[in-house]
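The following exercises ask the reader to derive structural descriptions from atomic coordinates. Each task is followed by a worked solution.

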Amino acid sequence: MGTAVGLAAMAAPSAANAATVDQASDRVQVPRGAASSMAAFVSDVHRGEVTLMVDGDEVTVTDKQLAARLAHAFHHATRA
């Protein structure tokens, strides 16, 4: 867990970048028929590699903004 916290702190966007990421995410909507439960595993924060798991299905995507948002959320959740 210490490694995850360290990676989250390194990948957390700056205040200026966080505003841009937040604005972009406001335009994204949950697709119809989306499963109610989903798990995400960030295997490489710097490359943006995120594995998504839904109902036994697994897919890996490269999305640096998603990885940064997850790291940012983790960083803030551990500080609360």
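The exercises below concern a predicted model.

**Exercise 1. The span of a helix**

Compare the end-to-end reach of helix H3 with the span expected at 1.5 Å a residue.

*Solution.*
Step 1. Helix H3 covers residues 64-79 and therefore contains 16 residues.
Step 2. The expected span is 1.5 Å times one less than the number of residues, which gives 22 Å for H3.
Step 3. From its first C-alpha to its last, H3 reaches 23 Å, close to the expected value.

**Exercise 2. The buried residues of H3**

Identify the buried residues in H3, and determine how they are placed around the axis.

*Solution.*
Step 1. A residue counts as buried under 20% relative accessible area. In H3, this description applies to Ala-67, Ala-68, Ala-71 and His-75.
Step 2. These residues cover an arc of only 100° around the axis, so they lie on the same side of H3.
Step 3. The general background is that an α-helix has 3.6 residues a turn, so residues three or four places apart point the same way.

**Exercise 3. The N-terminal end of H3**

Which residue caps the N-terminal end of H3, and through which atoms?

*Solution.*
Step 1. The cap is provided by Asp-63.
Step 2. A side-chain oxygen of Asp-63 lies 3.2 Å from the backbone nitrogen of Gln-65.

**Exercise 4. The sheet**

Establish the strand order of the sheet and its pairing, and then name its edge strands.

*Solution.*
Step 1. The three strands form an open sheet in the order E1-E2-E3, and the pairing is antiparallel.
Step 2. Strand E1 (39-44) and strand E3 (57-62) each pair on one side only, which makes them the edge strands.
Step 3. Neighbouring strands are turned by 25° against each other on average, direction ignored.
Step 4. Between E1 and strand E2 (residues 49-54), the antiparallel pairing runs over five bridges. Ala-39, for instance, has Met-53 in E2 as its bridge partner.

**Exercise 5. The salt bridges**

How many salt bridges does a search of the whole structure find, and which residues do they join into one network?

*Solution.*
Step 1. The search returns two salt bridges.
Step 2. Arg-47 pairs with Asp-44, with the closest N and O atoms 3.1 Å apart.
Step 3. Arg-47 also meets Glu-49, at 3.3 Å from N to O.
Step 4. Arg-47 is exposed, at 52% relative accessible area, whereas Glu-49 is partly exposed, at 23%.
Step 5. Through shared partners, the salt bridges join Asp-44, Arg-47 and Glu-49 into one network.

Conventions:
Residues numbered from 1 in each chain as written. Predicted model: local features only at pLDDT ≥ 70, side-chain atom pairs only at ≥ 80, totals over all residues. Heavy atoms only, no water. Helix = DSSP H or I, 4+ residues; strand = E, 2+ residues; numbered from the N terminus. Buried < 20%, exposed > 50% of the residue type's maximum accessible area, 1.4 Å probe, protein only. Arc of directions from axis to C-beta. Polar contact = N/O pair within 3.5 Å; in protein donor to acceptor, adjacent residues only side chain to side chain. Pairing = 2+ DSSP bridges. Axes fitted to C-alpha atoms, helices over the stretch in contact; angles between N-to-C directions. Salt bridge = Lys/Arg side-chain N within 4 Å of Asp/Glu carboxyl O.
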